[in-house]
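Please look through the structure shown here together with its sequence, and follow the account below from one region to the next.

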Amino acid sequence: MAFLSTLLGLLSPKALVVGVIMGLITNYIYHRLKYKLPPGPWAIPLIGNWSIYSKTTMHREVAKLTDTYGPVIRIKFGPSDMIFLNSTEVVLEALVKKKADFGSRPSFKSAEIFSQGGKNIFFAPYSATWKFQKKVAGRALRYYMQGMQLENMINDVCGQIFERISKETEPVQINKILDKMVIHMLYSMCFGRKCNLEDKDVDRILQMNLELLDKFSSGFLEDIIPGMTSVYKTERWKEFEKITQDLISFLEGELKQHKDTFDSSNIRDYTDSILMAREEAETEEREEDAAMLSDVYIVQILSDIFFAGLDTTRMILDWFLSYMVSYPEYQDKCQEVIDKVLGLAGMLKAYKWKIFSGESKTAAVKDRPSLCFVEACIMETLRMGSVTAIGVPHSTICDTSVGGYDIPKGTMVVINHWALHNDRHYWKDVDTFNPYRYLTKDGKLDAKPENWLPFSAGRRVCLGEPVAKTELLLLASNLLRNFRFKAPSGEKYMTQWKCTFPGAEVPADYKVVVEKRTKD
Ligand code: HEM
C-alpha cells in the first residue's frame with residue numbers, strides 16, 4: 001500500500017513536470033559534456049533561433065555570422081540543432097572525406113507525406129533502398145541521354161515555344177513562358193508525350209506545383225512539433241495533403257498507362273526506362289531489387305525527376321536571361337559564338353525544315369565543346385542565381401565530426417551553397433557577373449573552381465547534374481540563337497533578387513523586349 005501511494009505520488013502532474021524538466025536538463029548537460037559542439041548565437045529555449053530559421057533568407061543571415069563563429073555554425077531549430085557548413089573546406093570534409101557519415105536526411109512530417117513515407121530519393125534516409133533507387137534512376141537518365149531522344153525532345157519543345165515568343169510585341173514577363181517551356185520538356189522526357197502547348201493537364205500540374213510553393217514553402221509547424229498531426233490537423237495541413245495526393249495520383253495515372261502499353265523493345269521515355277529496370281530484376285529473379293521497384297517506389301522516382309528538375313531548371317533559366325539582359329555585352333558574345341557553331345538560319349523555317357529533312361540546325365550535344373562561352377555564362381548563373389542556396393538538409397548517421405567540432409548522430413546539417421558562392425575571400429568582385437572565371441586564356445572551360453558547388457557533392461550529389469547541365473546549355477543556346485532579349489527601351493536593367501521560399505532566390509519580376517534575330 002505504501003509502495004502504491006509512493007508510485008502515485010511520483011506520477012502526480014507536478015512531479016511529472018519536474019521530472020521532465022530535470023530529464024531535459026540532465027540530457028543537456030550530458031550532451032554538452034560529451035560533445036564539443038559548434039558555436040552559434042544564443043537561442044530561446046525550445047523555440048530556438050526563430051529570427052534566423054523563419055526567414056527565407058536564412059542562408060544570408062547565417063553567412064553573416066561566419067566572421068564571429070567561423071565556418072561551422074550551430075543554429076537552434078526549435079529544440080533541435082541545425083549545423084550550417086559555410087566553407088568549401090568543411091563542406092568537402094563532411095560530404096566527400098567523411099563519406100556516408102553525413103549522407104542521410106532528417107525526417108520531416110511534410111516530406112514524409114510528399115514522399116509517401118520516405119520512398120523517393122530526395123528525402124529518403126541513407127539506406128540500401130535509397131542507394132539502389134539512385135543507381136537505377138541514374139542509369140535510366142544516362143540511357144535517356146544517349147542518342148537523339150533528349151535533343152529531339154528539346155528541339156520540339158523549343159520550336160513550339162519559340163513560335164509563341166516570336167508573337168510577343170510588347171515587353172513580356174519572360175519567366176511565365178520559360179516555366180511553360182520547362183514543364184513541357186520534363187513532361188515529354190518523363191512520359192514520352194509530344195509537346196502540345198494546349199494540353200491542359202500539363203498546365204494543371206504546373207499550377208499545382210506553383211500553388212504548393214506559394215502556399216506551403218514557408219514551412220509547417222507540424223515539422224517542428226512532433227506528433228501534432230495525430231492530435232489535430234489544421235485546414236492548411238489538410239489542403240497540403242490534398243494537393244500532394246493530387247500530384248501523386250497524376251503520377252500513378254501516368255505509370256498505369258505506361259504499364260498497360262509497355263514494350264521492352266521500344267523504350268519511349270524515362271518511365272519506360274524504369275519499368276525496364278524492374279522487368280530485368282524480375283527476369284533475373286532478383287526479388288529484393290524488384291520489390292524496391294514496386295509501383296509506389298516508381299511513382300516516387302518519377303516524382304524525384306519531375307519535381308526536382310522543374311523548379312531548379314525554370315528558375316536558373318530565368319536567372320540566365322535576366323543576366324543576359326543586364327550584361328548585353330555577354331549576350332553579344334554568346335550570340336557570336338552560337339552563330340559560328342550553328343549558323344544564322346531562318347528560325348521557324350529551321351524547325352519545320354528539320355522535321356521534314358530529319359537534320360538539325362539547332363544546338364546539339366556534340367556542339368558542347370564549341371559552346372564553352374555559353375556554358376561559362378550558365379556556370380556563373382548557377383553561382384550567382386542561388387536557386388538552391390541551402391540545398392536539401394542532410395543528417396548524420398553516426399557520431400562524427402567536422403571542422404574540429406563533434407556532430408552527434410541524427411543531427412541536421414545544412415550546406416550553405418550561398419556562402420560558398422559568395423565568399424569574398426575566394427571570388428574576385430563577387431557581385432559581378434563574370435563568365436571568364438571559368439575559362440582558360442584560349443576560351444576553353446577551365447577546371448571547375450573549388451568553391452563552385454551548385455549541385456553539391458558526395459553521396460547525396462544531385463542526381464540530375466549531367467542532364468540539367470545539358471538541358472540548360474541546349475535551351476539557352478537555342479533561345480539566344482533565335483532572340484535578342486533587351487530591357488524595355490531606355491531602362492537600365494540590373495538584376496535584383498527576391499526569395500520565394502527558404503533558400504530559393506529568383507530574379508525580382510522583370511519584363512523584357514524580345515527581338516527576333518532571324519527571318520521567318
Ligand atoms: C539547375 C538545376 C539543378 C540544381 C542547381 C540542382 C541542385 C541540387 C542540390 C543542391 C541537391 C541537394 C544535394 C545534397 O543533398 O547535398 C539536389 C538533389 C537532387 N537533385 Fe538536383 N538540381 C538541379 C536539377 C535537377 C534535375 C534536372 C534533376 C532530375 C533529373 C534533379 C534531381 C535531384 C535529385 C533526385 C536529388 C536528390 C539526391 C539524393 O538525395 O541523393 N536535380 N539537386
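In this predicted model, C462 is covered by the annotation "binding site", which comes from an unreviewed UniProt entry. The residue is found in the loop between α20 (417-421) and α21, and, not counting residues up to four places away in sequence, C462 touches F455 and S456. Is C462 buried or exposed, or something in between? With 18 other C-beta atoms within 10 Å, C462 is partly exposed, because a residue needs 20 or more such neighbours to count as buried and 12 or fewer to count as exposed.

C462 also belongs to the surroundings of the ligand, where, of the 25 residues around it, A308, G309, S456, C462 and G464 come nearest. Two helices, α16 and α21, each supply at least two residues of this shell, and it is α16 that gives the most, with seven residues. Sorted by class, the shell around the ligand holds 14 nonpolar, eight polar and three charged residues.

Both of these helices reappear in the packing around helix α8, which spans residues 128-145. At 1.5 Å a residue, the 18 residues of α8 should span 26 Å, and the end C-alpha atoms are 26 Å apart, so the expected and modelled lengths agree. Within α8, the buried residues are W130, Q133, V136, A137, A140, L141 and Y144. They cover an arc of only 135° around the axis, and therefore lie on the same side of α8. On the other side of α8, by contrast, A128, K135 and R142 are exposed. As for what the buried residues of α8 face, they pack against α9 (149-165), α10 (174-191), α14 (270-283), α16 (295-326) and α21 (465-482). Just after the end of α8, G147 takes a positive phi of about 70°.

A last place to examine is V337, which lies in helix α17, made up of residues 328-342. V337 has 20 C-beta neighbours inside 10 Å and therefore counts as buried, since the cut-off for a buried residue is 20 or more. Leaving aside neighbours within four places in sequence, V337 is in contact with L371, F373 and V374. How far apart in space are V337 and S477, which are 140 residues apart in sequence? From C-alpha to C-alpha, V337 and S477 are 9.5 Å apart.

Methods
Residues are numbered from 1 along each chain as its sequence is written. This is a predicted model: local features need pLDDT of at least 70, side-chain atom pairs count only at pLDDT 80 or more; totals for chains, interfaces and linings use all residues. Helices (H or I, at least four residues) and strands (E, at least two) are DSSP runs, numbered from the N terminus. The expected span of a helix is 1.5 Å times one less than its number of residues. The arc is that of the directions from the helix axis to the C-beta atoms. Two residues are in contact if their C-beta atoms, placed from the backbone, lie within 7 Å. A residue is near a molecule or strand if its C-beta atom, placed from the backbone, lies within 6 Å of it. Ala, Val, Leu, Ile, Met, Phe, Trp, Tyr, Cys and Pro count as nonpolar, Asp, Glu, Lys and Arg as charged, and the others, Gly among them, as polar. UniProt positions are given in the numbering used here, feature names are shortened, and annotations may be inferred rather than shown by experiment.
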